[in-house]
Amino acid sequence: MQLIRNLFPKLRIAARGTLIKVLGDDNETAEFEAKINELVDYCVKYNKLTEETIIDVIKGRPPKELKMDDVIIFGVNGKPIQGRSANQQRLVKAFNESDLTFALGPAGTGKTYVAIALAVKALKNREVRRIILSRPAVEAGEKLGFLPGDMKDKIDPYLQPLYDALEDMIPQNKLKEYMETNVIQIAPLAFMRGRTLSDAVIILDEAQNTTTHQIKMFLTRLGMNAKMIITGDITQIDLPHSTQSGLVHALRVLKDVKGISCVQFDKTDIVRHHLVQRIVDAYEKYDNAKKESDSTTIDKKTI
């Protein structure tokens, strides 16, 4: 703020929180307001504001434009978030072309992260009024009832990956405001029943752990001016063996429906630690060998 005061020496400027009070000549105050609005627009676009940019804007010079090639949005501190692999870029393209997109593949391929970045971009560009993120609360070995706290405390651990992604993309104070005003809503799948979701980007994560009834219920929440992204990994189903995965069923039922895109990620898209790709590869080889072994055993019994 001291830098801005120095650049407008004829004005008396006082700032408290997000409120700025200015006293001075009408023309000077009008120019000050216009320059502050330019700085706000730049900050919203890039999530970053340097002294150099402030000086350029107030002096009437065009601020330095950050490189936008393949960038979806600029995250916290100006970090560029972009499609880093060919399939991540296909997801960006599919989102732009379709109202319903399936993104399938193993953990660490960036499916959910890119999906949330696309939702944040649509919100920033005022293409939608809200973002709705959901996950089925299905345990991988631990029961909800054994977790401490009330229902929110029990559910929050399942939703934490969604919070983590949002914290990378939206400054903390703004994210808190969005959450408090329901501009961004994060809720378990059960909370979606009976709603019509319009003017929104809706993301269902870990969809392989939905039942056939749950995913049908979720898909039919799609309202006007809304886009939906369904992410999942059909090799990591945590449902009881007797329960069919809703994601697997939906892919079979909807395969010929127009207006739906499907992007298949694979282990080459993994952007976590290099060991993650090797771990996925090792498990894939093990599963294939086990299938072959089981098949051979069945053939011998038949003989």
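# Exercises on a predicted model

A nonpolar surface patch of about 320 Å² is formed by L275, I279 and Y283. The structure you are looking at is a predicted model, so let's explore it step by step, beginning with this patch.

## Exercise 1: A residue of the patch

Find L275 in the structure. In which helix is L275 found, and is L275 buried, exposed or partly exposed?

**Solution.**
- Step 1. Look for the helix: L275 belongs to α10, which covers residues 274–302.
- Step 2. Recall the cut-offs: buried means under 20% relative accessible area, exposed means over 50%, and partly exposed is in between.
- Step 3. Apply them: the relative accessibility of L275 is 40%, so L275 counts as partly exposed.

## Exercise 2: The largest pocket

Describe the largest pocket. How much space lies in it, which residues are closest to its centre, and which element gives the largest share of the lining?

**Solution.**
- Step 1. Begin with the volume: the largest pocket holds about 1000 Å³ of space.
- Step 2. Turn to the lining: 30 residues line this pocket, and V40, D41, C43, V44 and K174 are the closest to its centre.
- Step 3. List the elements that give two or more residues to the lining: they are β2 (19–23), α2 (26–46), α5 (111–124) and α7 (172–180).
- Step 4. Pick out the main contributor: α2 provides the largest share, seven residues.
- Step 5. Sort the lining by class: 20 residues are nonpolar, five are polar and five are charged.

## Exercise 3: A tyrosine in α2

Stay with helix α2 and look at Y42. Is Y42 buried or exposed, and what separates the C-alpha atoms of Y42 and I54?

**Solution.**
- Step 1. Place the residue: Y42 lies in helix α2.
- Step 2. Check its accessibility: the relative accessible area of Y42 is 9%, so Y42 is buried.
- Step 3. Go to the partner: Y42 and I54 are 12 residues apart along the chain, and their C-alpha atoms are separated by 9.8 Å.

## Exercise 4: Positive phi angles

Examine the backbone at R126 and E206. What is the phi of R126, what is the phi of E206, and where does each residue lie?

**Solution.**
- Step 1. Take R126: its phi is positive, about 60°, although R126 is not a glycine.
- Step 2. Locate R126: it sits in the loop between α5 and β6 (130–135). With a relative accessible area of 76%, R126 is exposed.
- Step 3. Take E206: this residue is not a glycine either, yet it has a positive phi of about 55°.
- Step 4. Locate E206: its place is in the loop between β8 (200–204) and α8 (212–219). At 27% relative accessibility, E206 counts as partly exposed.

## Exercise 5: The neighbour in the loop

Now consider A207. Is A207 buried or exposed, and how many residues apart along the chain are A207 and T231?

**Solution.**
- Step 1. Place A207: it is in the loop between β8 and α8.
- Step 2. Check its accessibility: the relative accessible area is 0%, so A207 is buried.
- Step 3. Compare sequence and space: A207 and T231 are 24 residues apart along the chain, while their C-alpha atoms are separated by 5.9 Å.

## Exercise 6: Salt bridges

Side chains of opposite charge can pair when their charged atoms come close. How many salt bridges does a search of the whole structure find, and which parts of the chain do the pairs K79–D168, D99–K227 and R135–D205 link?

**Solution.**
- Step 1. Give the total: the whole structure has eight salt bridges.
- Step 2. Study K79 and D168: their side chains meet in a salt bridge of 3.7 Å, N to O. K79 is in the loop between β3 (71–74) and β4 (80–82), D168 is in helix α6 (residues 151–169), and the two are 89 residues apart. K79, at 39% relative accessibility, counts as partly exposed, and so does D168, at 30%.
- Step 3. Study D99 and K227: this salt bridge is 3.7 Å, N to O. D99 lies in the loop between α4 (86–97) and β5 (100–104) and K227 in strand β9 (residues 227–232), so the pair ties together parts 128 residues apart in sequence.
- Step 4. Study R135 and D205: their closest N and O atoms are 2.8 Å apart. Because R135 lies in strand β6 and D205 in the loop between β8 and α8, this pair ties together parts 70 residues apart in sequence.
- Step 5. Add the surroundings: both R135 and D205 are buried. Salt bridges with shared partners join R135, D205 and E206 into one network.

Key
Residues are numbered from 1 along each chain as its sequence is written. This is a predicted model: local features need pLDDT of at least 70, side-chain atom pairs count only at pLDDT 80 or more; totals for chains, interfaces and linings use all residues. Side-chain values use heavy atoms; hydrogens and water are left out. On a 1 Å grid over the protein atoms alone, a cavity is a set of points where a 1.4 Å probe fits but cannot get out, and a pocket is an open set with protein on both sides within 12 Å along at least five of seven lines; lining residues have an atom within 4 Å of a point. Grid points are joined across faces, edges and corners, and a volume is the space filled by probe spheres set on the points. Helices (H or I, at least four residues) and strands (E, at least two) are DSSP runs, numbered from the N terminus. Ala, Val, Leu, Ile, Met, Phe, Trp, Tyr, Cys and Pro count as nonpolar, Asp, Glu, Lys and Arg as charged, and the others, Gly among them, as polar. Patches are made of residues with over 30% relative accessible area and no salt bridge: like charges are joined within 9 Å, nonpolar side chains (Val, Leu, Ile, Met, Phe, Trp, Tyr) within 5 Å. Accessible areas come from the Shrake-Rupley method with a 1.4 Å probe; for residues, only the protein chains shown count as cover. A salt bridge is a side-chain nitrogen of Lys or Arg within 4 Å of a carboxyl oxygen of Asp or Glu. Buried means under 20% relative accessible area, exposed over 50%, partly exposed in between (1.4 Å probe, protein chains only).
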